[in-house]
Structures are given as C-alpha cells and as structure tokens.
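Student: Please show me how to read the enclosed spaces and the nonpolar interior of a protein model.

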Amino acid sequence: MADRLTLMQQEADTPARGEKENAFVDCGWGRLIFANTFRDTATLVSTLRSEQDGQRDIAFYVDEPQMVLAGAPQSLFLDPSLCYRLDLSDHAPLSTDGLPFHIRPLKDEADAQGASNVYAARGMIPLPSSFNGSDGPVTLLVAEDNNSGEILGAVMGVDHVEAFGNATGGASLWSLAVAPSAPHGKVGEYLVRALADRFRALGRAYLDLTVMQDNAEASALYEKLGFVRVPVFSVKCRNRINERLYAGTNPAADLNPYGRIIVEEALRRGIHTEVIDAEGGFFKLTYGGRTVACRESLSEFTSAVAMSICDDKRVTRRIVEAAGVRVPRQIIQADPEAIRAFLKDARKVVVKPARGEQGNGVSVGLSTPEQVQEAIARARTYCADVVVEEFHEGEDLRLVVIDYRVVAAALRRPPRVVGNGRDTIYELIKAQSRRRSAATGGESTIPVDAETEACLAENGHTLDDILPEGAEVMVRKAANLHTGGTIHDVTDQTHPQLIEAAIRAARAIDIPVTGIDLIVKSPTQPDYVFIEANERPGLANHEPQPTAERFIDLLFPLSIPAPKDAARDGLPAEKWSSLK
C-alpha cells in the first residue's frame with residue numbers, strides 16, 4: 001500500500017492534461033485552492049491574497065511552498081498541519097445499524113444551522129445560512145441523534161474529480177467536528193467512515209485530510225482508521241483566524257478555557273497580556289495607560305462588596321428580592337421539625353451550602369426528611385451554613401450580564417447517559433465524563449457520588465445496571481457544567497422579562513459582570529425564580545455569543561474595533577452603535 005500511496009502522491013502534485021487550471025471551491029468557511037492546478041506561482045499568490053474578510057482560504061497540494069511564501073512573505077505562512085491519506089481501495093465499509101445516531105447528507109437550512117452550532121462550539125467558522133452542502137464537489141454529512149433529532153457532528157468532503165477533473169481520482173475531508181455536549185461516543189469516527197464509504201462508492205482512489213500537528217488524539221484516530229502520513233504542504237493567509245498558527249507561543253496556552261478566551265480576544269486587539277498564575281486563571285491586561293488585573297471573567301471592576309454578596313446565597317437572595325426579583329421560599333434553621341413542616345408545604349426541596357461554587361454539595365428534588373438530613377450533612381462538608389429552599393420544576397437558564405446588558409443566555413441541562421446494551425451505568429458515566437473532560441479542557445466531569453446514586457435510585461437504577469440500547473437516564477439532577485451538565489444556547493429565544501430580571505438582579509448587586517441563574521418553564525416564557533448570581537461566569541461556555549468581546553469592551557472601551565473592523569470581525573454594522 002505504501003508504494004501505491006507514494007505513486008498517488010506524485011500524481012496528485014503534478015497538473016495533468018485535461019484538468020481544470022487555477023481551480024478552487026467555496027467551502028463556506030473559505031476557499032479550498034488546489035495549488036497543483038496553478039502553473040504560475042504569481043497567480044496562486046494573487047488568488048490567496050484575495051481572501052475575503054472572515055474567511056479562511058487554504059492552498060492545498062503546494063509543491064514548492066518556499067516559492068509561494070517568497071511571493072508574499074508578510075501575508076502568507078506555511079501551515080504546520082500534517083496531511084494524512086486513506087487508500088480507499090483497502091477501505092472496508094462499516095455498518096451503522098444499531099447506533100444511537102445516524103449519518104446522512106445535509107438537507108436544508110436547519111441542518112446547516114445545526115452544523116454551524118457544532119462548528120461554533122468548537123471555535124470553527126460557522127457556515128453561511130444559505131450553504132448547500134449536497135451539490136457539486138462539496139458534500140456535508142451530519143450525525144443526527146436518533147431520539148432528539150439534534151445534530152451531533154458534521155464533516156465536509158470535497159470531490160477532486162468534480163472540482164477540477166482530478167486524473168488520479170482524489171477526494172479530501174475537512175471540518176470534522178463533534179458537539180461538546182454529544183452524549184454518544186465515536187461520532188467523529190463514524191462521520192469519517194461514512195465519508196470514506198461515500199467516496200469509495202463513487203470510485204475515488206484516496207481520501208486526504210489535514211490535522212493540527214499538536215492534535216495527538218485526532219492523529220491517533222486517523223491512524224487507527226488506516227490513514228498514513230504523506231508529504232503534502234498547505235499555505236494559508238495571515239489573519240486573526242489563523243493567528244495562533246504563525247504568531248509563536250501563545251501566553252494564554254496554559255490558561256483554562258475561561259481565561260484563554262479572554263486573553264486571546266485581548267491579543268487580537270493589541271492589548272498587552274501578562275499571565276500571573278495560569279493554574280489559578282490570573283492575568284493582567286494593559287492598553288494605553290490602563291492596566292486591569294483579572295481572574296478569568298472576574299476583574300478589578302467587580303467590587304469586594306459585590307463579591308461578598310454573591311459569595312453568600314442567603315445575602316444574594318435578600319438583595320435581589322428587595323429589588324423585585326422573584327425568589328424561591330427557603331428556610332435557614334434546618335432543624336428536623338422545620339424541615340418536616342417545610343416539606344409538607346413545598347413537597348420537594350433543594351439543599352445547598354450557603355457558600356460554594358461549581359455545584360459542590362448541592363442536592364436537588366429531595367422529598368423526605370431523611371433525604372434532606374443526609375443532604376445537609378453533605379453540604380456542611382463544604383460550608384457550615386446550609387440553605388434549604390423550595391424546589392421548582394423547570395429548566396436551568398444561565399444569563400451572562402456584562403455592563404448591565406444580557407450578552408448570552410443558555411439552558412444548562414443535567415448530565416445523561418445513553419445505554420448500549422453492554423456497559424453498566426457506571427461505565428457509561430465514566431466514558432461520558434472522559435468526553436466532557438476532553439471537550440472542556442478538563443473543566444467538566446461527572447462525579448460518581450451519593451448525589452449520583454440518589455438520582456439513579458429515584459429512576460429505579462443502580463450504577464451496576466446495564467441500560468438497553470438507546471435507553472437514556474439522567475445521572476445527576478443539578479445542571480452545573482462542572483459536574484457534567486451541558487449547555488444549549490437560547491439567546492435569540494429568551495423572553496424579555498427574563499432578560500429584565502437578570503439585569504435587575506445585576507444592578508441590585510451592583511456587579512458589572514455576572515452569570516444570573518434562573519429556573520424557568522421555558523426560555524420563551526416569562527415565568528421564573530432566581531437561584532443565584534455567579535461573580536465569575538465561564539464566558540467560554542457561551543460561544544458563539546460574543547461574551548469575551550463584550551468583556552474586553554467593558555475593560556477597554558477605546559479598544560472597540562471601528563465599524564469597518566467590526567464588520568470584518570463578524571459583527572453586523574447595524575449593531576455597532578449599541579456597543580458604544
């Protein structure tokens with residue numbers, strides 16, 4: 001097979017008679033430029049430099065990259081990605097029967113939006129709403145959940161025969177992404193296999209792809225599937241999307257995702273960054289004569305008083321209630337008689353430490369005095385003071401408020417696992433936890449503790465049970481992201497009264513950046529109760545909403561891009577005036 005691949009490599013890099021010259025295809029995120037069809041280096045350089053704002057063009061199969069770079073050394077760079085190739089003559093099709101998801105071609109705008117949401121969640125360029133990935137040389141396959149209908153992942157394929165009449169029968173794979181919240185494993189693997197099956201059925205000889213040189217996990221997957229390294233080069237334009245590939249060491253590299261998203265936005269604006277303590281998320285930003293110290297989204301702009309209010313859930317509740325925000329009933333004196341009386345009226349309660357974060361020590365939906373007493377004991381391992389409050393059915397809505405405007409709104413849902421008929425619930429939780437950890441840089445995992453066991457018991461399960469194929473079970477009641485919850489953007493659907501409540505709570509606390517948590521019946525309805533305010537919301541959880549951009553706007557208003565730059569950075573010009 002190695003000899004065959006070497007021959008195909010030599011053929012692919014050499015323009016053949018009858019092939020279209022100066023060929024490229026529009027992939028939605030930018031143009032895939034087939035450098036092997038350009039006989040003139042100057043024309044290739046000129047084509048690359050005509051890249052549109054907000055796009056990411058790729059010149060693929062560059063035979064002499066040094067000659068291309070010499071044509072525009074300030075504008076172009078050699079992509080450090082690795083190229084892999086799969087010989088489709090040796091590829092055996094794999095059945096997807098029995099999987100909890102299925103792979104199919106993109107059909108309509110709803111599919112394109114679902115794929116775009118996945119790409120945005122992975123920090124990739126979303127597709128235009130008009131994108132049609134089922135015609136011509138470009139094909140987009142999506143992975144759809146059999147139960148929910150949610151788009152879990154997407155992959156793009158380009159047929160080189162369709163694109164420029166490629167004599168060697170090649171094809172390539174691009175933009176593979178899986179949603180961080182996907183509840184099933186191997187979505188990416190099956191997307192790759194499905195695309196390979198499709199091109200093999202069309203009679204294509206090989207499938208190429210590129211992968212970041214430091215993405216060892218992806219490289220291991222491709223090698224497992226039979227891909228081998230080939231010496232193929234790519235050239236790209238220097239732009240903000242590609243910046244980390246050519247700008248050298250990133251000072252944010254050692255920060256967690258919540259600090260990194262802010263520092264990278266600051267760097268794009270030319271704001272000097274000094275990482276003080278990467279493990280703790282501390283850094284300083286300097287622009288002109290102003291220096292601001294931050295810990296992720298917590299800055300010097302948040303006062304010690306506001307932090308103290310957020311730190312104690314009892315104080316937070318009193319402050320926002322006085323401002324007219326609806327809050328759940330609660331009791332502070334958690335003696336047995338008071339608990340029994342409260343349960344008789346409230347039916348179900350939530351127990352949580354008066355001070356704490358990341359969902360630690362929180363127990364939800366308790367209905368017996370014994371459950372409440374056990375939960376109080378657990379909560380007291382985090383804080384001596386405990387809050388018992390009325391449980392409200394509904395969904396957990398997080399609203400990010402920056403400078404007293406709601407920038408993002410998202411439903412946070414508790415972690416669930418889906419059975420495969422083989423593994424125990426414990427094994428499913430561990431596998432799901434590994435996927436969540438990988439998707440969030442280690443920030444989200446599912447604990448296996450008393451709260452997990454209680455949640456399973458309420459649904460008639462234990463950790464040792466084996467769920468039937470496709471059966472789904474919630475493994476924790478709390479939707480906190482740090483304990484395995486998933487997040488689903490609803491910014492454009494959120495009812496104005498919920499937005500008003502979040503802003504009112506932020507103003508009552510007098511905090512410029514906060515995450516306001518509400519329990520709602522639906523984000524489209526006005527009913528809610530306030531749960532808590534977080535003084536350090538995770539901005540990275542809310543992509544593609546511009547949370548980091550608005551945070552930097554707050555700290556350094558003079559760094560806000562001019563209208564022309566705002567349009568270049570993906571911000572509609574008509575919204576520019578609202579930023580000032």
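Student: By class, how many nonpolar, polar and charged residues does the lining of the largest cavity have?

Tutor: This is a predicted model, in which local features need pLDDT of at least 70 and side-chain atom pairs pLDDT 80 or more, while totals for chains, interfaces and linings use all residues. Residues are numbered from 1 along each chain as its sequence is written, and side-chain values use heavy atoms, without hydrogens or water. The lining has four nonpolar residues (Ala, Val, Leu, Ile, Met, Phe, Trp, Tyr, Cys, Pro), one polar residue and five charged ones (Asp, Glu, Lys, Arg). Among them are Lys313, Arg314, Arg317, Glu389 and Phe530.

Student: How many cavities of 30 Å³ or more are there, and what is the volume of the largest?

Tutor: Rolling a probe the size of a water molecule over the atoms shows where empty space is left. A cavity is a set of 1 Å grid points where a 1.4 Å probe fits but cannot get out, and lining residues have an atom within 4 Å of a point. The structure holds three such cavities, the largest of about 50 Å³. Helix H11 (313–322) gives the most to its lining, three residues; strands S20 (386–390) and S27 (528–534) each supply at least two.

Student: Which residues touch the most other members of the largest nonpolar core?

Tutor: In soluble globular proteins, nonpolar side chains tend to be buried together. A core joins buried (under 20% relative accessible area) nonpolar residues, Pro excepted, through side-chain atoms within 4.5 Å. Of its 34 residues, Leu32, Phe34, Leu140 and Met156 touch the most others. A second, separate core of 30 residues includes Leu88 and Tyr222.

Methods:
On a 1 Å grid over the protein atoms alone, a cavity is a set of points where a 1.4 Å probe fits but cannot get out, and a pocket is an open set with protein on both sides within 12 Å along at least five of seven lines; lining residues have an atom within 4 Å of a point. Grid points are joined across faces, edges and corners, and a volume is the space filled by probe spheres set on the points. Helices (H or I, at least four residues) and strands (E, at least two) are DSSP runs, numbered from the N terminus. Buried means under 20% relative accessible area, exposed over 50%, partly exposed in between (1.4 Å probe, protein chains only).
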